[in-house]
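I opened this entry to keep track of what I looked up, one topic at a time.

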Amino acid sequence: MAEERPGKGGGPERDETPDERADRRWNETLQEVRVAQTGAQILFGFLLSVVFTPRYAELGTFDKTLYVVTVALGALATGTMIAPVAYHRLLAGHHLKPHLVRDAGRLVSVGIVLLALTVNLSVLLLLHVATSHWIAWVITGIVTAWFVVCWLVMPGLLLARKDGERTARREDADGGDGG
């Protein structure tokens, strides 16, 4: 088992100070934000243009309400994904990077949920307008389930597997008899 050096943070598998760990985690967060933020902004831009098309006036009350909710969620997703950058600008030089990293991680998580809602409602809006059929709801349900599998279930399974391996290693190190 690797041993953590005194005065160092980041766990036994890394040799970094708490400040180095915060810098690394901040850079990782920025990379994540760049990917998700771009998708949110592009989708939001397309959503904004819909209201200016001739077809928008023909939409029924349900579709217009769904559109408004989807645009609002898109705005919230975009704002939430951009927030870590604004946060950093306001806090730069105040030696708060570990707090910034923690809060930015929370903002990105909320932004991803808002983005998933925006994407799913966009799919429902598009398919409902295109088909005026119940199949729009079924396909949207499938898309939503796929998001849940990719964004929650798969990472959860990986964590469970890692925890199981860690427990097995610990039991082996303790003699393996479990009691």
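I started with Phe44, which sits in helix α1. The model is a predicted one. I looked up whether Phe44 is buried or exposed. Its relative accessible area is 18%, and the cut-off for buried is under 20%, so Phe44 counts as buried. Setting aside residues up to four places away in sequence, I found Phe44 touching Val71, Gly74, Ala75 and Thr78. I also checked Phe44 against Thr118: the two are 74 residues apart along the chain, and their C-alpha atoms are separated by 8.6 Å.

Next I listed the core. Phe44 belongs to the largest nonpolar core, which has 12 residues. The others are Leu47, Tyr56, Leu59, Leu66, Tyr67, Val71, Leu124, Leu125, Leu127, Val129 and Ala136. I asked which helices supply at least two residues each. They are α1 (18-50), α2 (61-91) and α3 (97-131). The most comes from α3, with 4 residues. For one core member, Val129, I looked up contacts: leaving out neighbours within four places in sequence, Val129 meets Arg55, Leu59 and Asp63.

Then I went through the aromatic pairs. How many are there? The count comes to 3. I noted Tyr56 with Tyr67 as edge-to-face, at 5.2 Å centre to centre and 65 degrees between the planes. Tyr56 is in the loop between α1 and α2, while Tyr67 is in helix α2, 11 residues apart. Both tyrosines, Tyr56 and Tyr67, are buried.

I recorded Phe62 and Trp137 as a tilted pair, with 6.0 Å between centres and 45 degrees between planes. Phe62 lies in helix α2 and Trp137 in helix α4 (residues 135-173), so this pair ties together parts 75 residues apart in sequence. I checked the exposure of each ring-bearing residue. Phe62 has a relative accessible area of 40% and is partly exposed. Trp137, at 48% relative accessibility, is partly exposed too.

Last, I looked at α2 itself. What should its 31 residues span at 1.5 Å a residue? The expected span is 45 Å, and the end C-alpha atoms of α2 are 44 Å apart, which agrees. I still noted a kink in α2 of about 35 degrees at Ala83, shortly before the proline Pro84. Just after α2, Gly93 takes a positive phi of about 85 degrees.

Methods: Residues numbered from 1 in each chain as written. Predicted model: local features only at pLDDT ≥ 70, side-chain atom pairs only at ≥ 80, totals over all residues. Heavy atoms only, no water. Core = buried A, V, L, I, M, F, W, Y, C linked by side-chain atoms within 4.5 Å. Buried < 20%, exposed > 50% of the residue type's maximum accessible area, 1.4 Å probe, protein only. Contact = heavy atoms within 4.5 Å. Expected span 1.5 Å × (residues − 1). Bend = angle between axes of the 7 residues up to and from the residue. Phe/Tyr/Trp six-rings, centres within 6.5 Å; stacked < 30°, edge-to-face > 60°.
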